[in-house]
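Welcome! Please take a look at the sequence and the structure below, and then read on for a short guided tour.

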Amino acid sequence: MDTNADFKTNYHTHTFRCHHASGSDEEYVLEAIANGYKVLGFSDHACWEYSSKYVSRIRMRVQEFEEYKRSVLYLKEKYKERITILLGLEAEYYPMYKDWMLEFCVEQQIDYLILGNHFYLSDEYGVYFGHMAPRYISRYFETCIEGLRTGMYAYLAHPELIMRNDYIEWCDSIEEGFRRVCIECARLDIPVEYNVLGMQANRQSKKEMYPHHKFWELAAECGCKAIIGMDAHSPHDLDARLYEEAQAYLDSLGIDIVHTIEPINYEYLMSRELMREN
Ligand SMILES: [Zn+2]
Ligand SMILES: [Zn+2]
């Protein structure tokens, strides 16, 4: 693990394929190099093989993955002397499609997934945890924990996503749910992400959604490790000044910051899964 504070890395990078990010893949790479990153992980919103005819407007389709992969691997080779590039995806935890995703990671030789727990069960059902009915609050915490226990995810992205709901204020019951998530992350040694796109959004809206300072005090108290995720939806989101601000804030809390992710062996996870079934 690299503890060098100057070792800037980012594993949370989107591309135009999700229909809500801009810039070419190469522009992200050049911006990352210019801003001194040593590692750039592409983690665009994952495609899913739905059992229905549902088409998501915020992610690539399965048929589009091949081109995403080709582009990332091309840039990885082209810029290998200047930066390490990884092929990842930001994926939800969908229990019914989990095995499909695991197989996909093996087949496609994906380096890592990060858990972006955006939707409950599948986006086909339309329950977005950032804008949902209060009865789903406990589901959010439960699915974060269940998802992380699969071992498929390198880290938990924007853990405080539910703070986007207008009616949710930090209170004892919310803290209790986040405490369970933090304890599990610490136990599994999975970092929680300090989301820098959210930091920008908090500023613009003058409202504290995520990152939330109460969450980060709790994460520090629970012994969690933090990872800085730029959640870049535009090359400008990789601005090193934003990264450094996030780092200074986390340092002030005394929380450990990790700059590298543990490689995930999806073949091993799949063989373990098969053994369990037999
Ligand atoms: Zn996005
Ligand atoms: Zn993201």
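## Two zinc ions and an aspartate

In this predicted model, the zinc ion (ligand 1) and the zinc ion (ligand 2) lie 4.5 Å apart. His20 sits in the loop between β1 (8–10) and α1 (25–34), while His233 sits in the loop between β7 (225–229) and α8 (240–253), so this pair ties together parts that are 213 residues apart in sequence. Here helices (H or I, at least four residues) and strands (E, at least two) are DSSP runs, numbered from the N terminus.

A word on conventions: residues are numbered from 1 along each chain as its sequence is written, while chains are lettered from A and ligands numbered from 1 in the order in which they are written. Local features need pLDDT of at least 70, side-chain atom pairs count only at pLDDT 80 or more, and totals for chains, interfaces and linings use all residues, while side-chain values use heavy atoms, with hydrogens and water left out.

Which residues hold each zinc ion? The table lists the donors. Donors are N, O and S atoms within 2.8 Å of the metal (3.2 Å for Na, K and Ca); water is not among the atoms, so sites may look incomplete.

| Ion | Donors | Distance | Spacing |
|---|---|---|---|
| zinc ion (ligand 1) | His20 (NE2), His45 (NE2), His233 (NE2) | 2.0 to 2.1 Å | H-x24-H-x187-H |
| zinc ion (ligand 2) | His12 (NE2), His14 (NE2), Glu90 (OE), Asp231 (OD) | 2.0 to 2.4 Å | H-x1-H-x75-E-x140-D |

The site of the zinc ion (ligand 2) is irregular, with angles of 78 to 166° among its four donor atoms. Four donors count as tetrahedral if all angles lie between 85 and 135 degrees; four count as square planar and six as octahedral if opposite donors are over 155 degrees apart and all others between 65 and 115; anything else is irregular.

Are these histidines buried or exposed? His12 and His14 are both buried, and His233 is buried at 14% relative accessibility, whereas His20 is partly exposed at 37%. Buried means under 20% relative accessible area, exposed over 50%, and partly exposed in between (1.4 Å probe, protein chains only).

Now let us turn to Asp99. Asp99 belongs to helix α3 (residues 98–108) and is partly exposed, with a relative accessible area of 35%. Beyond its neighbours within four places in sequence, Asp99 is in contact (heavy atoms within 4.5 Å) with Glu273 and Glu277. The C-alpha atoms of Asp99 and Met270 are 8.1 Å apart, although 171 residues separate the two along the chain.
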